[in-house]
Amino acid sequence: MLSMELENKVSFKRCIREGDLVIVYERHDNMKAVKVCENGVLQNRFGVFKHSDWIGKPFGSKVFSNKGGFIYLLAPTAELWTLVLSHRTQILYVADISFVIMYLEIIPGCLVLESGTGSGSLTTSLARAVAPTGHVYTFDFHDQRASSAREDFEKTGLSSLVTVGVRDIQGEGFPDEFIGQADSVFLDLPQPWLAIPSAGKMLKEDGVLCSFSPCIEQVQRSCETLKSCFTDIRTFEILLRSYEVRGERLESWENHAGGSLGSRKRRQRSTDGSNGVEASVSATIVARPSSEGRGHTGYLTFARLRCVI
């Protein structure tokens with residue numbers, strides 16, 4: 001991302017310049033996208049941060065406020081953009097996105113068709129995957145959503161890799177100009193089975209289609225339609241389980257004979273050692289499942305266009 005020059009490999013080694021988009025990292029669950037302006041100011045609970053202090057610093061820098069608080073200035077990667085973008089619709093997150101890009105076999109130079117655009121979360125990652133010589137053509141039936149998506153792709157420097165169109169793919173299908181040209185097609189529609197016949201015409205031989213649906217009834221009907229001209233039909237549900245890693249203070253109990261009686265978290269002040277047992281406190285790193293696990297997002301159905309012999 002950033003102003004991607006097609007002849008060069010994407011790199012975030014350069015320094016921050018005025019007009020750049022920066023992801024301001026306050027903590028793992030609090031980030032925001034900020035456009036750098038010479039006279040701009042960011043104010044939060046950590047203090048006041050002047051944009052002028054950011055200019056010239058490399059991405060990843062730690063900067064301090066007038067109060068001594070600090071933030072990190074991160075490059076707007078596709079992964080971080082997914083976490084901070086405006087939600088005009090429900091979006092796909094990293095677990096689903098990474099799986100989609102792999103199973104659609106998207107590589108640099110591919111031509112990808114997508115419907116609908118929504119908030120552009122997946123589109124951003126698709127664009128990075130096809131860069132520098134490929135292209136993503138994405139369609140949304142809602143004119144205002146399409147317009148907002150174009151603005152976002154301009155902001156993130158992806159406009160040369162993405163073309164946003166306004167079209168009802170369920171009712172009209174994809175434009176005829178793409179017949180036999182697409183390497184991959186992605187559908188995120190309430191009735192994807194209506195667009196599957198058109199998607200089949202757009203794909204090259206051996207091309208791959210993916211349909212994202214939140215309900216299993218949509219999957220069942222889509223699979224019935226796919227059987228007519230697709231093969232290798234598969235459906236997946238991606239469930240992500242994250243772990244929290246933090247430091248804990250553990251209390252280890254030992255008797256005077258040197259035998260260990262086990263360890264536990266320190267919950268209260270040590271008692272008198274008259275019973276012949278002594279306690280020592282040590283710090284350790286503990287990993288445990290996050291209390292806020294992401295559940296079901298949707299079903300991903302993949303199918304390969306059947307070759308005509």
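## Strand β6, its partners and a seven-stranded sheet

Ser-61 has Leu-73 as its bridge partner in β6. This is a predicted model. The account below starts at β6 and then moves to the larger set of strands.

**Around β6**

β5 and β6 are antiparallel and pair over four bridges. Together they make a hairpin, with five residues between the two strands. Gly-68 sits in the turn and has a positive phi of about 95°.

β6 also pairs with β1 (residues 21-27). This pairing is antiparallel too, and three bridges make it. Here Leu-73 in β6 is the bridge partner of Val-24. So which residues does Leu-73 bridge? Its partners include Ser-61 and Val-24.

Which side chains of β6 are buried? Ile-71 and Leu-73 are; they point to one face. Phe-70, Tyr-72 and Leu-74 point to the other face and are not buried. In a regular strand, side chains alternate between the two faces of the sheet.

**Ser-65 in the loop**

Ser-65 lies in the loop between β5 (61-64) and β6 (70-74). Is Ser-65 buried or exposed? Its relative accessible area is 10%. Buried means under 20%, so Ser-65 counts as buried. Its side chain reaches the backbone oxygen of Phe-46 at 2.6 Å. Beyond its neighbours within four places in sequence, Ser-65 contacts Phe-46, Gly-47, Val-48 and Phe-49.

**Aromatic rings**

The whole structure holds twelve aromatic pairs. Two of them are set out here.

| Pair | Centre to centre | Angle between planes | Type |
|---|---|---|---|
| Tyr-25 and Tyr-72 | 6.1 Å | 70° | edge-to-face |
| Phe-99 and Phe-236 | 4.9 Å | 65° | edge-to-face |

Why does the pair of Tyr-25 and Tyr-72 tie together parts that are 47 residues apart in sequence? Because Tyr-25 lies in strand β1 and Tyr-72 in strand β6. Tyr-25 is partly exposed, at 25% relative accessibility. Tyr-72 is partly exposed as well, at 29%.

The pair of Phe-99 and Phe-236 links parts 137 residues apart in sequence, because Phe-99 lies in helix α2 (residues 94-103) and Phe-236 in strand β12. Phe-236 has a relative accessible area of 22%, so Phe-236 counts as partly exposed.

Tyr-25 and Tyr-72 also belong to one aromatic cluster with Phe-64 and Phe-70. Phe-70 has a charge over its ring: the charged end of Lys-62 sits 4.0 Å from the ring centre.

**The seven-stranded sheet**

Seven strands form an open sheet, in the order β9-β8-β7-β10-β11-β16-β12. The pairing is mixed. Which strands lie at the edges? They are β9 (162-166) and β12 (230-237), and each pairs on one side only. Ignoring direction, neighbouring strands of this sheet are turned by 15° against each other on average.

At the β9 edge, β8 (residues 135-140) and β9 run parallel, joined by five bridges. Thr-138 has Val-164 in β9 as its bridge partner.

Helix α3 (residues 121-130) packs on the sheet. α3 touches β7 (111-115), β8, β9 and β10 (182-187). The direction of α3 makes about 160° with that of β8. Helix α4 (residues 143-155) packs on the sheet too, touching β8 and β9. The direction of α4 makes about 165° with that of β9.

Key. Residues are numbered from 1 along each chain as its sequence is written. This is a predicted model: local features need pLDDT of at least 70, side-chain atom pairs count only at pLDDT 80 or more; totals for chains, interfaces and linings use all residues. Side-chain values use heavy atoms; hydrogens and water are left out. Buried means under 20% relative accessible area, exposed over 50%, partly exposed in between (1.4 Å probe, protein chains only). A polar contact is a pair of N or O atoms within 3.5 Å; within protein, one must be able to donate a hydrogen and the other to accept it, and residues adjacent in sequence count only if both atoms are side-chain atoms. Contact means heavy atoms within 4.5 Å. Two strands pair if DSSP finds at least two bridges between them. Axes are lines fitted to C-alpha atoms, for helices over the stretch in contact, and angles run from 0 to 180 degrees between N-to-C directions. Rings of Phe, Tyr and Trp (its six-membered ring) pair if their centres lie within 6.5 Å; planes under 30 degrees apart count as stacked, over 60 as edge-to-face and the rest as tilted. A charge sits over a ring if NZ of Lys or CZ of Arg is within 6 Å of the ring centre and within 35 degrees of the ring normal.
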